[in-house]
Amino acid sequence: MPCAVSEESTAVLQAEGLCKSFSYEGGSIRVLDDVGFSLDSGCSVSVRGESGCGKTTLLNLLARLETADSGSMSWHRESLDPRTMPTAREASMRASFLGVVYQAYYLIPELNAIENVMVAARIAGTVDAETLDRARDLLARVGMEGRDLQLPTKMSGGERQRLAIARALLNRPRVILADEPTGNLDEKTAGSVMDLLLEACREEEASLVLVTHNLAFAQATDEALCLTKGSLGPA
Ligand SMILES: Nc1ncnc2c1ncn2[C@@H]1O[C@H](COP(=O)(O)OP(=O)(O)O)[C@@H](O)[C@H]1O
Ligand SMILES: [Mg+2]
């Protein structure tokens, strides 16, 4: 489904005036300076920028894994205070609102493929037969059919990331945050994982925030942004 840019579009993820500094001995660094962000339902946006410019920090603020110094934000229609850590209710909401895909996969090495996908359901408190069926369907969807019992330690990087994408999608999130998801993969594998991520998000009607250094991947999203000197703007 193409990105629906119409008056009926609803922002699923919005932020205004986000500022974030980190202090260290002898000084502080302002990483985000008055950053505004808006992502519509079913749309994708990419964020590029030099290493250390604050891309992961921005994702962490949007996911409420980190607090901002100032600003405002909302998840779908729910206003949240980015200066505070999430309440228990917000943390539980996050489990179904957001899916996250990281460069380093963050799979649990002792758990097999299907168990790793089901971790998302455990966190959301929705472990049942229907969710298990969906986990199996998603494994097939990411090209890992019949691999339910395999440990991630026995998988290639591309397979691990496919598994991580299935886990991120399990709870039917409104938004996927992907932080350099192909950063550890060779060029060919990166291309097929990116195709899968973009296609799966479209099929699942999940909006996507993609942090990447790859220009072609960045341009494959509906909107390409760049983070420079604390400001987020068109690439
Ligand atoms: N928890 C932290 N404490 C202190 N400095 C941090 C912390 N997290 C990130 N930084 C600093 O903030 C800047 C942005 O980091 P990051 O968001 O990881 O950048 P990027 O993802 O664009 O590479 C870097 O200078 C980094 O050292
Ligand atoms: Mg980063």
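**Strand β8 and its surroundings**

Ser46 has Leu210 as its bridge partner in β8. The model is predicted. Seven helices and 10 strands make up the secondary structure of the chain. The radius of gyration is 17 Å, close to the 18 Å that the globule rule gives for 235 residues, so the chain is as compact as a globular protein of that length.

**Overall dimensions and burial**

- Taken along the principal axes, the box filled by the C-alpha atoms of the chain is roughly 50 × 45 × 40 Å.
- Of the 235 residues in the chain, 41% are buried.

**The six-stranded sheet**

- Six strands form an open sheet in the order β6-β7-β8-β3-β9-β10, and the pairing is mixed.
- β6 and β10 (231-234) are the edge strands, each pairing on one side only.
- On average, and with direction ignored, neighbouring strands of this sheet are turned by 20 degrees against each other.
- Strands of a sheet pair through backbone hydrogen bonds, in either a parallel or an antiparallel sense.

**β8 and its neighbours**

- β8 (residues 207-211) is mostly covered, with five of its five residues buried.
- Ser207, Val209 and Val211 point one way from β8, while Leu208 and Leu210 point the other way; all are buried.
- On one side, strand β3 (residues 44-48) pairs with β8 in the parallel sense over four bridges.
- Strand β7 (residues 175-179) also runs parallel to β8, and five bridges join the two.
- Within the pairing of β7 and β8, Ala178 stands opposite Leu210.
- From β7 the chain crosses through helix α6 (residues 187-204) to β8, and this β-α-β crossover is right-handed.
- Leu210 of β8 is thus bridged to Ser46 and stands opposite Ala178.

**β3 and β9**

- β3 pairs with strand β9 (residues 223-228) in the parallel sense, over four bridges.
- Ser46 has Ala224 as its bridge partner in β9, in addition to Leu210 in β8.

**The shell around ligand 1**

- The residues surrounding ligand 1 are Phe22, Ile29, Val31, Gly49, Ser51, Gly52, Cys53, Gly54, Lys55, Thr56 and Thr57.
- β2 (27-40) and α1 (55-62) are the elements that give two or more residues to this shell.
- The largest share, three residues, comes from α1.
- By class, the shell around ligand 1 has four nonpolar residues, six polar and one charged.

**Tyr102 at the end of β6**

- Tyr102 lies in strand β6 (residues 98-102).
- Because 19 other C-beta atoms lie within 10 Å of its own, Tyr102 is partly exposed; a residue counts as buried at 20 or more.
- Tyr102 and Glu115 are 13 residues apart along the chain, and their C-alpha atoms are separated by 18 Å.

**Positive phi outside glycine**

- Most residues other than glycine have a negative phi.
- His76 has a phi near 55 degrees, a positive value in a residue other than glycine.
- The loop between β4 (70-75) and β5 (78-80) holds His76.
- With 14 other C-beta atoms within 10 Å, His76 is partly exposed.
- Tyr106 is not a glycine either, yet its phi is positive at about 50 degrees.
- Tyr106 is found in the loop between β6 and α3 (113-124).
- Tyr106 is partly exposed because 14 other C-beta atoms lie within 10 Å.

Terms used: Residues are numbered from 1 along each chain as its sequence is written. Chains are lettered from A and ligands numbered from 1 in the order in which they are written. This is a predicted model: local features need pLDDT of at least 70, side-chain atom pairs count only at pLDDT 80 or more; totals for chains, interfaces and linings use all residues. A residue is buried if 20 or more other C-beta atoms lie within 10 Å of its own, exposed if 12 or fewer, and partly exposed in between; C-beta atoms are placed from the backbone. A residue is near a molecule or strand if its C-beta atom, placed from the backbone, lies within 6 Å of it. Ala, Val, Leu, Ile, Met, Phe, Trp, Tyr, Cys and Pro count as nonpolar, Asp, Glu, Lys and Arg as charged, and the others, Gly among them, as polar. Two strands pair if DSSP finds at least two bridges between them. A crossover is right-handed if, with the strands pointing away from the viewer, the path from the first strand over the helix to the second runs clockwise. Axes are lines fitted to C-alpha atoms, for helices over the stretch in contact, and angles run from 0 to 180 degrees between N-to-C directions. The radius of gyration is taken over C-alpha atoms; the globule rule is 2.2 Å times the number of residues to the power 0.38.
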